[in-house]
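Biologist: Could you take me slowly through the surroundings of the ligand in this model, and then outward to the parts of the chain that lie beyond them? I am in my first year, so please name each residue and element as you go.

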Amino acid sequence: MAAKSDLPVSDWSPISPEAKADPRAEHARLRAQCPVAHSSEWGGFYTLTKYEDVAQASRDYETFTATKQTVIPTSPRKGLARLPLQKDPPEHTYYRQGMNLFFKENKIRAMEPALRDLATGLWRDWQKQGNPAEYSDGFAARFSQGTICLLVGLDLSEGDELGRLSHEYVHAVQSENLSFAGGHSNLIDQFAIDLVADRRANPRDPETDMVTGLAAAEIQGRKYDDTEIAGMIRLLLIGGHTVPKNFLSSMAWHLAGDVDLQADLRARPEARKAAIEEFLRYYSPNQALVRRTTRATEMRGTKIPQDCPVALNFLSANFDEDVFENPQAFDPARSPNRHLAFGIGPHICIGMSLARMQARIALDLMLDGMGPFTLDGPVQWAGWTEFGVAEVWLRR
Ligand code: HEM
């Protein structure tokens, strides 16, 4: 059991063979035995596994700050600050308000025709690949990358350059090549810095070009400087790409293993909305994000020292037996479904409407754009702090 003394024992490791093989089973054990679990990996950190605790800590930014650490393992803080993620309120609000201008419901809704066109073109290309074909890099990554380009207002050549950088970055992270990933992270920082310099020199339509729009915005009587804008764009470039990619791939993997569910959702498009929410709960692609304690605190009898990393485990919270009936079962009609896949509190995902729209478009294509499909080929799962499928081959 965890941490009733100054020298906590290690309750789990997210990179142990058991946790890698079945993180959900490992989380169930933790929720039952040590819901505020300690791990000695990466210098030591705690993980909150219960829904109520994850929600409480996400909201209590005075005790759990995002300003020092948001992932674990983390490289020493350098490069551009990811804004607004790495700020607490009230500073966080200042950045979030500017970004909100580009995530308003009507703006996102207006993107739907362009997103459907983009997805349909990519789908046709993917259909031309052999049979079986790999879906994650072959379709999902291209769609989520293209979505970011549309959202931010990138030209084709800028999109290609970003696509190359993030492809290499994501593969470096997944293969745990952290020094290569660190180098690439700097290149992506530089991409954001160059983009801001370009739009400053050649402003575009502030309604459709995010950098020009952010540069023109006056929030709380102040304008953002170049580094702040680059930090906001930087967060979207990777954050808005890898997580949706894995999520779409998880949906494909699940459906490929359940042709009856495919048939049902093909026949009843009205059932797809609820199914997407259950996919989000079941495959929460952002398994965990991290905060650091600003003071010593205690949760469920476990003492957490000051300045300690604490992982908010959204995936585990979404399987909490105290909140979800029969959580281990995938129920495409689950209602209510108060999952935390998009987080909660001040940092709740700013892109969630866009992510839901992407998921709906991708699901429509999977169900209406081909007949029954099955798994055929290697499957790769994303590792901590992500979750879900990172490579999946489909036979159709
Ligand atoms: C299935 C898709 C997605 C999931 C599951 C997801 C999940 C999350 C979660 C759990 C957080 C909370 C982080 C925290 O509390 O530390 C978050 C924040 C964020 N997400 Fe997403 N996300 C998705 C897609 C997107 C997309 C498409 C975008 C943008 C294009 C995006 C942009 C962001 C940003 C900017 C934040 C930080 C917000 C803040 O700090 O105020 N996300 N997301």
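Modeller: What follows starts at the ligand and then turns to the loops and the sheets.

This is a predicted model, and every value below is computed from it. The ligand contains an iron atom, and that atom has a single donor from the protein, the SG atom of Cys349, at 2.3 Å. If you want to find Cys349 along the chain, look in the loop between α14 (314-317) and α15, for that is where Cys349 sits.

Cys349 also belongs to a wider group, since there are 28 residues around the ligand, and those that come nearest are His92, Arg96, Arg291, His347 and Cys349. Two of these residues also place a side-chain N or O atom close to an oxygen atom of the ligand: for His347 the distance is 2.7 Å, and for Arg291 the distance is 2.8 Å. Leu85 takes part through its backbone instead, with an N or O atom lying 3.4 Å from an oxygen atom of the ligand. Several elements give two or more residues to this shell, namely α4 (91-100), α7 (136-152), α11 (226-256), β5 (288-293) and α15 (352-368). Among them, α11 supplies the largest share, which is six residues. When the residues of the shell are sorted by class, 20 are nonpolar, six are polar and two are charged.

Next come some residues in loops. Ile350 is found in the loop between α14 and α15, and, leaving aside residues up to four places away in sequence, Ile350 touches Arg96, Met99, Asn100 and Phe103. Ile350 and Thr120, by contrast, are 230 residues apart in sequence, and their C-alpha atoms are 25 Å apart in space.

The backbone has some features that are worth finding by eye. Leu83 and Pro84 are joined by a cis peptide bond, with omega at about 10 degrees, and Pro84 has its place in the loop between β3 and α4. Another cis peptide bond runs from Trp384 to Thr385, where omega is near 5 degrees, and Thr385 lies in the loop between β10 (380-381) and β11 (389-391). Gln220 has a phi near 50 degrees, a positive value in a residue other than glycine, and Gln220 is placed in the loop between α10 (210-216) and α11.

β5, which already appeared in the shell around the ligand, is also part of an open sheet of five strands, whose order is β1-β2-β8-β5-β3 and whose pairing is mixed. The edges of this sheet are formed by β1 (36-39) and β3 (64-65), and because each has a single partner strand, one side of each is left without a neighbour in the sheet. β1 runs antiparallel to β2 (residues 45-48), and four bridges join these strands; within this pair, His38 stands opposite Tyr46 in β2. Helix α3 (residues 51-59) packs on the sheet and touches β1, β2, β3 and β8 (309-313), and the direction of α3 makes about 125 degrees with that of β8.

There is also an open sheet of three strands, in the order β4-β12-β9, and its pairing is antiparallel. Here the edge strands are β4 (133-134) and β9 (374-375), each of which pairs on one side only. Two bridges join β9 to β12 (residues 393-395), and these strands run antiparallel, with Leu375 standing opposite Leu394 in β12.

Terms used:
Residues are numbered from 1 along each chain as its sequence is written. This is a predicted model: local features need pLDDT of at least 70, side-chain atom pairs count only at pLDDT 80 or more; totals for chains, interfaces and linings use all residues. Side-chain values use heavy atoms; hydrogens and water are left out. A residue is near a molecule or strand if one of its heavy atoms lies within 4 Å of it. A polar contact is a pair of N or O atoms within 3.5 Å; within protein, one must be able to donate a hydrogen and the other to accept it, and residues adjacent in sequence count only if both atoms are side-chain atoms. Ala, Val, Leu, Ile, Met, Phe, Trp, Tyr, Cys and Pro count as nonpolar, Asp, Glu, Lys and Arg as charged, and the others, Gly among them, as polar. Two strands pair if DSSP finds at least two bridges between them. Contact means heavy atoms within 4.5 Å. Axes are lines fitted to C-alpha atoms, for helices over the stretch in contact, and angles run from 0 to 180 degrees between N-to-C directions. Donors are N, O and S atoms within 2.8 Å of the metal (3.2 Å for Na, K and Ca); water is not among the atoms, so sites may look incomplete.
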